[in-house]
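Got a minute to go through how some structural labels get assigned? Take a look, and then we'll go label by label.

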Amino acid sequence: MRISLVDGPSRNHLLPLTFTRPVAALRCGILTIEEKYSKRGHQTGFATESYLQQKFPEVQDAEVSVLGGVCPTEGFLEALAALKTGEGLYLDDQLIAVSGADFNATITKSVVFNESLLIIERPWDLWTKNAEAMEADFNLLTEGRDSAPVDPSCTVIGDRIFLEEGAKATASILNTTSGPIYLAAHAEIMEGCVVRGGLALGDHSALKLATKIYGATTLGPHCKVGGEVNNSVLQGYSNKGHDGFLGNSALGEWCNLGADTNNSNLKNNYDAVKAWSYVDKRFALTGQQFCGLIMGDHSKSGINTMFNTGTVVGVSANIYGAGFPRNFIASFTWGGPQGTTNYRLDKALDTADRMMKRRGLEVEGAEKAILEHVHQITEEFRR
């Protein structure tokens, strides 16, 4: 099928992560949502904000349009294929798919979908639904295939471990009884790591010496992680290379957490956590007892940074200094607990370019245009 993945009303609720990508380009489990369709042989494209469209193009002559946050199942894909002109597919009272290329087309007949689905609608869905998404992706990617061998220096508990060719793990404890462990090509688990699955380690990503991982944790491609990580998702190209705790958190791409950066993921009174809402433009209840750090692309923290429970950091922010910074840090700002100042766009682009060149990429074309546009549309939060 040719499937158009539509941002829909959840897009603004998923900011700051969706400032720089469509909803369906978010990673949950092992794969991004879009990859969950394309790995099943479908042709996909994105119906997203115009400033993102060059990097994330549309699909031509879409047969169906689907909410971008919907993680597909075989039953859901069968229901999509069965849709006829004018029909809309509903889960409870929520429209999740329509026949044709226009998600806003007039619905002449409602079709009810009665199976359960994972739908990513809020940032915390990325970690609260990560275990279930990882199980589904692991089954999809490994069915009928044999893993590359695990080095005999490792202690493996259980049998739900899969290494792609070129991946390696040495002298580590890998427990798969609480979730699968998947290492993409060229991923590495260095000596002395202790992993309790699920864990998804992306292409060219690495767990550094003596890292402790609690599932379900996803590290996208080209991530380097050390210290202690619990139930968190890094989209890709982000580093937490040293000791420090990261828990119940979602980070975008090109982030870097300095040595001994820590976040709180639970309030001392065990109350539900409030976090900044870009929709309400105020702090709002998340409904989550465990809620850590939500950080947009290209943001950084200095050594010994302490993030309080439910902290939201925008795109291309630079945080440092003693004490807790504010629970909401606007995009393109620089500073810490004593206050922030504007991060000049040219300086921010220069820093982004230097980091990306370390991975053989650079800020140019669509990438540069996206950051310039995000700088413009986030100005109100820097005032």
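Q: How do the residues lining the largest cavity divide into nonpolar, polar and charged?
A: The split is 5 nonpolar, 4 polar and 2 charged. Here Ala, Val, Leu, Ile, Met, Phe, Trp, Tyr, Cys and Pro count as nonpolar, Asp, Glu, Lys and Arg as charged, and the others, Gly among them, as polar. The lining includes Val6, Asp7, Gly68 and Glu121. Before going on: this is a predicted model, where local features need pLDDT of at least 70, side-chain atom pairs count only at pLDDT 80 or more, and totals for chains, interfaces and linings use all residues. Residues are numbered from 1 along each chain as its sequence is written, and side-chain values use heavy atoms, with hydrogens and water left out.

Q: What makes a space a cavity?
A: On a 1 Å grid over the protein atoms alone, it's a set of points where a 1.4 Å probe fits but cannot get out, and lining residues have an atom within 4 Å of a point. Searching the whole structure gives 2 cavities of 30 Å³ or more. The largest has a volume of about 50 Å³, and the second largest about 30 Å³. A volume is the space filled by probe spheres set on the points, with grid points joined across faces, edges and corners.

Q: Which element gives the most to the lining of the second largest cavity?
A: That's H5, with 3 residues. The lining residues include Ala348, Thr351 and Ala352.

Q: What makes H5 a helix, and how does its reach fit what is expected?
A: Helices are DSSP runs of H or I with at least four residues, strands are runs of E with at least two, and both are numbered from the N terminus. H5 (residues 345-357) has 13 residues, and its reach from first C-alpha to last is 18 Å, close to the 18 Å expected. The expected span is 1.5 Å times one less than the number of residues.

Q: Why do the buried residues of H5 line one face?
A: Among the buried ones are Ala348, Leu349 and Met356. Seen down the H5 axis, the buried residues fall within an arc of 165°, so they line one face of the helix. The arc is that of the directions from the helix axis to the C-beta atoms.

Q: Why is tryptophan 254 called buried?
A: Buried means under 20% relative accessible area, exposed over 50%, and partly exposed in between (1.4 Å probe, protein chains only). Tryptophan 254 has 3%, so it is buried.

Definitions and conventions. 1 Å grid on protein atoms, 1.4 Å probe; cavity = no way out; pocket = protein on both sides within 12 Å on 5 of 7 lines; lining within 4 Å.
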